[in-house]
Structure formats: C-alpha cells, structure tokens
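Open the model in your viewer and keep the selection panel at hand. The stops below go from one selection to the next.

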Amino acid sequence: MLTTRPAGEQKMKRLLLADLVLVVLLWVSACKGPVIPPNKLRTPREYSWTRTELGLYIAPNGIWGSSAHDVYLIAGSPYLFTGKIW
C-alpha cells in the first residue's frame, strides 16, 4: 500500500528548505574580505569634536560611527550625522 504525506507536511518541508536557502544566501552575502587597517592609526587627541544642537531633552541610549560622515545616535529615535547635519 502506497502512503502519501499530508499536504501540510510537504508545505512545511518546502518552507524550511526556503528558509535554509535564505539563511545561506544572507550569510554568503555578508561575508566580506579581510579588514585592512589604515597606515596610521589616529589617537583620540587627533580627532576634532564640535558641539551641535539636536534640540533633544532625552539622554542618548547609544552612539556608533564608522567615520566622521557616518555617525548614528539613538535618543528616543535614531539620528544619522552625515558630516554636516543630523
């Protein structure tokens, strides 16, 4: 006697396979080459800091930046500093 799987089980297996393929594709696309350090590392005293007004009365939860033109601030809402404006 030949038995067939219920349609729900086949659908679940297809969804799991699709999820697995998506995870693998995201993982592969996130892989980048090695990070090459700059020739000269700067000390904190070599950076220039300026004060800017956001009109915030909320304490910031976090700040992160990858360069002087790409700074993110979380204070109630996310803010992006582009080097000139928030």
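Select L17, L20, V21, V24, L25, W27 and V28. In this predicted model, these residues form a nonpolar patch on the surface, and their accessible area together is about 720 Å².

Keep V28 selected from that group. Is V28 buried, partly exposed or exposed? Its relative accessibility is 48%, and a residue counts as exposed only over 50%, so V28 is classed as partly exposed. V28 belongs to helix α1, which covers residues 7-30.

Extend the selection to the whole of α1. How many of its 24 residues are buried? The count is 0, so α1 is hardly covered. Next, place a distance between the C-alpha atoms at the two ends of α1. They are 35 Å apart, and 24 residues at 1.5 Å a residue should span 34 Å, so the two values agree.

Now show the whole chain as a cartoon. There are 1 helix and 3 strands, and along the sequence they come in the pattern α-β-β-β. Colour by accessibility: of the 86 residues in the chain, 5% are buried.

Hide the helix and select the strands. They make an open sheet with antiparallel pairing, in the order β1-β2-β3. Which strands stand at the edges? They are β1 (62-67) and β3 (77-81); each has a single partner strand, so one side of each has no neighbour in the sheet. From one strand to the next, the twist averages 15 degrees.

Select β1 together with β2 (residues 70-75). The two pair in the antiparallel sense, over 5 bridges, and form a hairpin with 2 residues between them. Two cross-strand pairs can be picked out here. G62 has I74 in β2 as its bridge partner, and W64 has Y72 in β2.

Shift the selection to β2 and β3. This pairing is also antiparallel and is made over 5 bridges. I74, already seen as the bridge partner of G62, stands opposite P78 in β3. A75 stands opposite S77 in β3. The hairpin of β2 and β3 has 1 residue between the strands, and G76 takes a positive phi near 80 degrees there.

Finally, select β2 alone and show its side chains. Which of them point to the buried face? V71, L73 and A75 point to one face and are buried, whereas D70, Y72 and I74 point to the other face and are not buried. Y72 and I74, on that second face, are the residues picked out earlier as bridge partners of W64 and G62. A75, on the buried face, is the residue opposite S77.

Terms used: Residues are numbered from 1 along each chain as its sequence is written. This is a predicted model: local features need pLDDT of at least 70, side-chain atom pairs count only at pLDDT 80 or more; totals for chains, interfaces and linings use all residues. Side-chain values use heavy atoms; hydrogens and water are left out. Patches are made of residues with over 30% relative accessible area and no salt bridge: like charges are joined within 9 Å, nonpolar side chains (Val, Leu, Ile, Met, Phe, Trp, Tyr) within 5 Å. Accessible areas come from the Shrake-Rupley method with a 1.4 Å probe; for residues, only the protein chains shown count as cover. A salt bridge is a side-chain nitrogen of Lys or Arg within 4 Å of a carboxyl oxygen of Asp or Glu. Helices (H or I, at least four residues) and strands (E, at least two) are DSSP runs, numbered from the N terminus. Buried means under 20% relative accessible area, exposed over 50%, partly exposed in between (1.4 Å probe, protein chains only). Two strands pair if DSSP finds at least two bridges between them. Axes are lines fitted to C-alpha atoms, for helices over the stretch in contact, and angles run from 0 to 180 degrees between N-to-C directions. The expected span of a helix is 1.5 Å times one less than its number of residues.
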